[in-house]
Amino acid sequence: MTYDFDYYSGRDLTYPKSPKKPWLNSRNPSADDAIDYAKALKQYEQAMVGYRELANAYNDQMNKRMKEFQDRLRDECDLSQAQFNLLWAKAWEDGHSAGLNEVFYHFEELYELATEFASLEG
């Protein structure tokens with residue numbers, strides 16, 4: 001089993017950059033300062049709508065890839081969803097901070113242990 005961890009981890013995807021919120025810089029703003037701030041705030045709010053759409057698209061793509069990875073791993077190991085979930089939860093807990101490839105290695109070790117345990121007689 002070979003996996004493209006860069007693909008499944010979304011290394012080719014870029015999370016969108018959040019727009020910078022404007023600030024009213026004066027303690028005693030003039031009417032013109034307040035108008036400029038209101039205009040900048042309106043632009044920011046419009047930019048945030050686009051940012052949220054891009055962030056949601058990024059998250060959707062990442063979720064799709066994670067599901068692809070999990071489905072492939074489950075199918076290749078010929079596990080039920082319940083069996084897979086049990087092993088995945090522990091592998092994720094132990095390895096996700098080091099990346100998806102580490103989760104895979106933890107999963108593989110757990111799967112081998114479970115397979116060996118299931119083959120024991122008695």
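Among contacts in the chain (heavy atoms within 4.5 Å) between residues at least 6 apart in sequence, 59% link residues at least 24 apart. The structure is a predicted model, in which local features need pLDDT of at least 70 and side-chain atom pairs count only at pLDDT 80 or more, whereas totals for chains, interfaces and linings use all residues. Residues are numbered from 1 along each chain as its sequence is written, and side-chain values use heavy atoms, with hydrogens and water left out.

The chain contains four helices and zero strands, in the order α-α-α-α; helices (H or I, at least four residues) and strands (E, at least two) are DSSP runs, numbered from the N terminus. The C-alpha atoms occupy a box of roughly 85 × 25 × 20 Å along the principal axes. The radius of gyration, taken over C-alpha atoms, is 24 Å, against a value near 14 Å for a compact globule of 122 residues (2.2 Å times the number of residues to the power 0.38).

Of the 122 residues, 23% are buried, that is, under 20% relative accessible area with a 1.4 Å probe, protein chains only. The largest nonpolar core (buried Ala, Val, Leu, Ile, Met, Phe, Trp, Tyr and Cys residues joined through side-chain atoms within 4.5 Å) has 15 residues, of which Tyr3, Phe69, Leu73, Trp88, Leu100 and Phe107 touch the most other members. At least two residues of this core come from each of helix 1 (5–8), helix 2 (31–76), helix 3 (81–95) and helix 4 (100–119). Beyond its neighbours within four places in sequence, Leu100 contacts Phe5, Tyr8, Ser9, Met66, Phe69, Trp88 and Trp92.

Note on methods
Buried means under 20% relative accessible area, exposed over 50%, partly exposed in between (1.4 Å probe, protein chains only).
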